[in-house]
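Q: Please take a close look at the part of this chain that a database record marks out as a domain, and describe in connected prose how that part is built and what surrounds the ligand.

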Amino acid sequence: MASQNPNESLSVFSNIAQAPEDPILGVTVAFNKDQSPLKVNLGVGAYRTEEGKPLVLNVVRKAEQLLVNDQSRVKEYLPITGLADFNKLSAKLIFGADSPAIQESRVTTVQCLSGTGSLRVGGEFLARHYHERTIYIPQPTWGNHPKIFTLAGLSVKTYRYYDPSTRGLNFQGLLEDLTAATPGAIVLLHACAHNPTGVDPTVDQWEQIRRLMRSKGLLPFFDSAYQGFASGSLDADAQSVRMFVADGGECFAAQSYAKNMGLYGERVGALSIVCKSADVAGRVESQLKLVIRPMYSNPPIHGASIVATILKNSEMYNEWTMELKAMADRIISMRQQLFDALQTRGTPGDWSHIIKQIGMFTFTGLNSEQVAFMTKEYHIYMTSDGRISMAGLSSRTVPHLADAIHVAVTSMT
Ligand SMILES: Cc1ncc(COP(=O)(O)O)c(C=O)c1O
């Protein structure tokens, strides 16, 4: 657009190009501009209630109240590695209370800026200290993964993951690609509720992946952004990670409390590195501090204090698990309702993947043209790859979505 401001040509930035919107967050920007009362945002992965409102968990409100009332609390800097209690409890949450790696002090955990920050710190550490710079990420994956790891200094390659013809796992392709991977390379794995596909390996398939990766010396880097959100059980959703830790080998895990505690904007997460000995873990931690210090010095205190308060109090912990299960159950019920609504309309095609896939997202199989049509005609917003956030749906909006899918599928192929 031509500038109206004569001073603009004097700016040292006058030639700067307009950057494109983030493909996921840009959906919300477009949604916010839409004036239609029918509009539905199924783009961004944030939980909504049946009324379409953001949810702050009761247990989080309680923990915040306790923190506010505690006059002994101050606002001093945390250590570079974050809140010690939070780190210990986060490791226990993902690896299990009885994890030998924790008991043998072979795990180092640092508090980071949610899942994204944990992945970035882990990536930068690997780029500096690991002998192999290649990281394999699933195809497709969360859109931020390639950017995070490329900017961290790693070289990003992909392995096959999704089979559009079955809308399920391309297990054969995955095994072939990991077999052909550079020995020693890093492999990014979604611990559960794979984003965007909602397709996870079975326990047997995880076991085969583990054996293959260990035999080739591939280094597992788990991204755990949805623990408890997929099945409603924190333990079940951590099973893949625990299988890799149980064999005594090394492993990275990035945890986020954005979804499972609803702490999105608090930016609270953790990076854990499981090592072979306590001595190595100590040295690894000393180097993690050198990665973090020039990046943001030390992490914020509030969100981590909320998490630590909840995780160390058994009553609050139990309350959390119940609230978490209620969120997971509502999403599962949305899957069933959408599936039933498409069946009722006789929408052509097999839609069983809607109830088979798990976690926050359904990879519908709708193409970008159909998505654009649904946005224009029905004010339904989603990413152009056809991914919808089930957490953004409600019993009220399911029929509207089903109508839109039905017309999109029957009128365009
Ligand atoms: C697969 C995956 N990893 C990591 C994240 C990181 O989220 P956050 O940085 O908000 O914890 C997300 C969020 O959408 C995700 O889907």
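A: In this predicted model, the end C-alpha atoms of residues 39-405 lie 15 Å apart, and the span is 47% helix and 16% strand. That span comes from UniProt, where an unreviewed entry lists residues 39-405 as "domain: Aminotransferase class I/classII large".

The domain assignment of the chain draws other bounds, giving domain 1 as 23-55 together with 329-411, and domain 2 as 77-312. The centres of these two domains, taken over C-alpha atoms, are separated by 29 Å. Where domain 1 and domain 2 touch, the contact takes 18 residues from domain 1 and 19 residues from domain 2. On the side of domain 1 that touches domain 2, strand β11 (residues 361-363) gives the most, with three residues. The residues on this side of domain 1 divide into nine nonpolar, six polar and three charged.

We can now turn to the sheet. In general, strands of a sheet pair through backbone hydrogen bonds, and this pairing is either parallel or antiparallel. Here seven strands form an open sheet, with mixed pairing, in the order β2-β10-β9-β8-β7-β3-β4. Its edge strands are β2 (107-113) and β4 (155-160), each of which pairs on one side only. From one strand to the next, the twist averages 25°. For one pairing in detail, take strand β3 (residues 134-139), which runs parallel to β4 and is joined to it over six bridges; within this pair, T134 has S155 of β4 as its bridge partner. Helix α11 (residues 278-296) packs on the sheet, where it touches β2 and β10 (268-274), and the direction of α11 makes about 15° with that of β2.

Next comes the ligand, whose surroundings include G45, S114, G115, T116, W142 and H190. The other residues around the ligand are N195, D223, A225, S256, A258 and G269. Sorted by class, this shell has three nonpolar, eight polar and one charged residues. Helix α5 (residues 114-129) gives the most to the shell, with three residues. One of the residues around the ligand, S114, is found in helix α5, and its phi is near 60°, a positive value in a residue other than glycine.

Another residue of the shell, N195, deserves a second look at its backbone, as a cis peptide bond joins N195 and P196, with omega at about 15°. P196 has its place in the loop between β7 (186-190) and α8 (203-215). A cis peptide bond also joins Q139 and P140, and there omega is about 5°. P140 lies in the loop between β3 and α6 (144-152), while β3 itself is the strand that pairs with β4 in the parallel sense. Read together, these details link the sheet to the loops: β3 and β7 both belong to the open sheet, and P140 lies in a loop that follows β3, just as P196 lies in a loop that follows β7.

Key. Residues numbered from 1 in each chain as written. Predicted model: local features only at pLDDT ≥ 70, side-chain atom pairs only at ≥ 80, totals over all residues. Pairing = 2+ DSSP bridges. Helix = DSSP H or I, 4+ residues; strand = E, 2+ residues; numbered from the N terminus. Axes fitted to C-alpha atoms, helices over the stretch in contact; angles between N-to-C directions. Contact = placed C-beta atoms within 7 Å. Near = placed C-beta within 6 Å. Nonpolar A, V, L, I, M, F, W, Y, C, P; charged D, E, K, R; others polar. Domains from an automatic or database assignment. UniProt positions renumbered as here; feature names shortened; annotations may be inferred.
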